[in-house]
Amino acid sequence: MKKNKKFDNISALNIVQGVQKPDIVNPYIDFSQLRQQPLQSVEDYMRHIRTGDRVGLSQAITLIESNLQEHSTLSQQLIEACIPFAGKSIRIGITGMPGAGKSTFIEIFGKYLTKMGRKLAVLAIDPSSGRSKGSILGDKTRMEELAADQNAFIRPSPSAGTLGGVARKTAETLIVCEAAGFDTIIIETVGVGQSETEVKNMVDFFLLLTLAGAGDELQGIKRGIMEMADAILINKADGDNIARAELAKTQINNALHLFPPLPSQWTPKTMTVSAQQNKGIQEVWLMIDDYVNFTKKSNYFAKNRIEQSKERFHQYIRDTLYEKILSAPDIQAKIHSLEKQIQQQTMSVYAAGREILEAWKNGVN
Ligand code: GDP
């Protein structure tokens, strides 16, 4: 073929020596380490969970967190299978405003526990995570050392769904972690007042982490949260903050006396700690241990768990019934129209509620 001089300098029409293609597959991958298939059956999941396989445990939790209809039966069966192996841990709730030092505290406290030979799972409830991309545990740098600890397992909360849904999934995750052999469970929540009651209802011991401020000890923390706490830790009691922390301790202690006694008959404790300087950490554990002994002796420990189960049972009925009603055909449209009437004050809340229930009972058309 005659060469066309006109195109000599146009590179796209010249054939260039090719570059050697790399292997499609990384030759260093150890295929025996890769899970070939996702777990399929309850037996599969249980085998992995009971042998302490963390990848299997993570998959089980992902299944529980799934909102897909096709996962729900398997997920329910899995929880039922875990229940006989669950219930043997100490469940600790930790709350506190952002910046109080929760993750710093949990990391140092967690490392103390694992060093003692305990197996710790840290779960989180974060009502804001759906909106703000996770203000709790979402940040990968939190609890880095604890995350690398073979005896610890850290799991952020599912990032979508209503608080009730997230809380339910956290309670279910707790059961799976217990079945996997974790003997200490920490449930962390941001102390913004929404999720504390949910957490309180899942744990044996409820701990509030707070800071000494310029006289605002009682304002920064919602009174309701203080009333629920079995212990209040004043963190960052280090450097020139020690005196203020001690003063805060006295003030909080005085305030606690005014609250009604806890149903456990336990006197809530106030302590100063420094998570950063690893001060007071052992004392916190000894106090929790004291509490467990005290409440086991009085049988409150077991009684409380039964009460919690009953409450969760009611919560479950409330949540699922509400979801069912909302998902009934045409009910959304009816709700919208009733909302308008409430807004225009042409109908009472109660009459509107009754109408929705009637419509649901009769099957809306
Ligand atoms: P969280 O939002 O409650 O999880 O709080 P973080 O654990 O992220 O801590 C917030 C900030 O307080 C970080 O800069 C920590 O380094 C710091 N901090 C945490 N604990 C202590 C402590 O005991 N003393 C001091 N001085 N700083 C601390």
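**Exercise 1. Polar contacts of the ligand**

Determine how far an oxygen atom of the ligand is from an N or O atom in the side chain of Lys236, and examine further polar contacts of the ligand.

*Solution.* In this predicted model, the distance between an oxygen atom of the ligand and an N or O atom in the Lys236 side chain is 2.8 Å. A polar contact requires a pair of N or O atoms within 3.5 Å. Next, consider Ser274: a polar atom of its side chain lies 3.3 Å from a ligand oxygen atom. Gln276 takes part through its backbone, with an N or O atom 3.0 Å from an oxygen atom of the ligand. Finally, 15 residues surround the ligand, and those that come nearest are Gly99, Lys102, Thr104, Arg142 and Asp238.

**Exercise 2. Helix 14 and helix 15**

State how helix 14 and helix 15 are oriented to each other, and describe their contact.

*Solution.* Helix 14 comprises residues 331-343 and helix 15 residues 349-362; their axes are 10 Å apart, at an angle of about 165°. Angles over 145 degrees count as roughly antiparallel. The two helices are therefore roughly antiparallel. Residues of helix 14 in the contact include Ile331 and Leu338, which belong to a group that meets residues of helix 15, among them Val349 and Trp360. By class, this contact of helix 14 with helix 15 has nine nonpolar, two charged and no polar residues.

**Exercise 3. Helix 13 and helix 15**

Classify the orientation of helix 13 to helix 15.

*Solution.* The axes of helix 13 (residues 300-327) and helix 15 cross at roughly 75° and come within 10 Å. Helix 13 is therefore roughly perpendicular to helix 15. Leu321, Lys324 and Ile325 of helix 13 make the contact with Ile356, Leu357 and Trp360 of helix 15.

Notes. Residues numbered from 1 in each chain as written. Predicted model: local features only at pLDDT ≥ 70, side-chain atom pairs only at ≥ 80, totals over all residues. Heavy atoms only, no water. Axes fitted to C-alpha atoms, helices over the stretch in contact; angles between N-to-C directions. Helix = DSSP H or I, 4+ residues; strand = E, 2+ residues; numbered from the N terminus. Parallel < 35°, antiparallel > 145°, perpendicular 65-115°, else oblique. Contact = heavy atoms within 4.5 Å. Nonpolar A, V, L, I, M, F, W, Y, C, P; charged D, E, K, R; others polar. Near = heavy atom within 4 Å. Polar contact = N/O pair within 3.5 Å; in protein donor to acceptor, adjacent residues only side chain to side chain.
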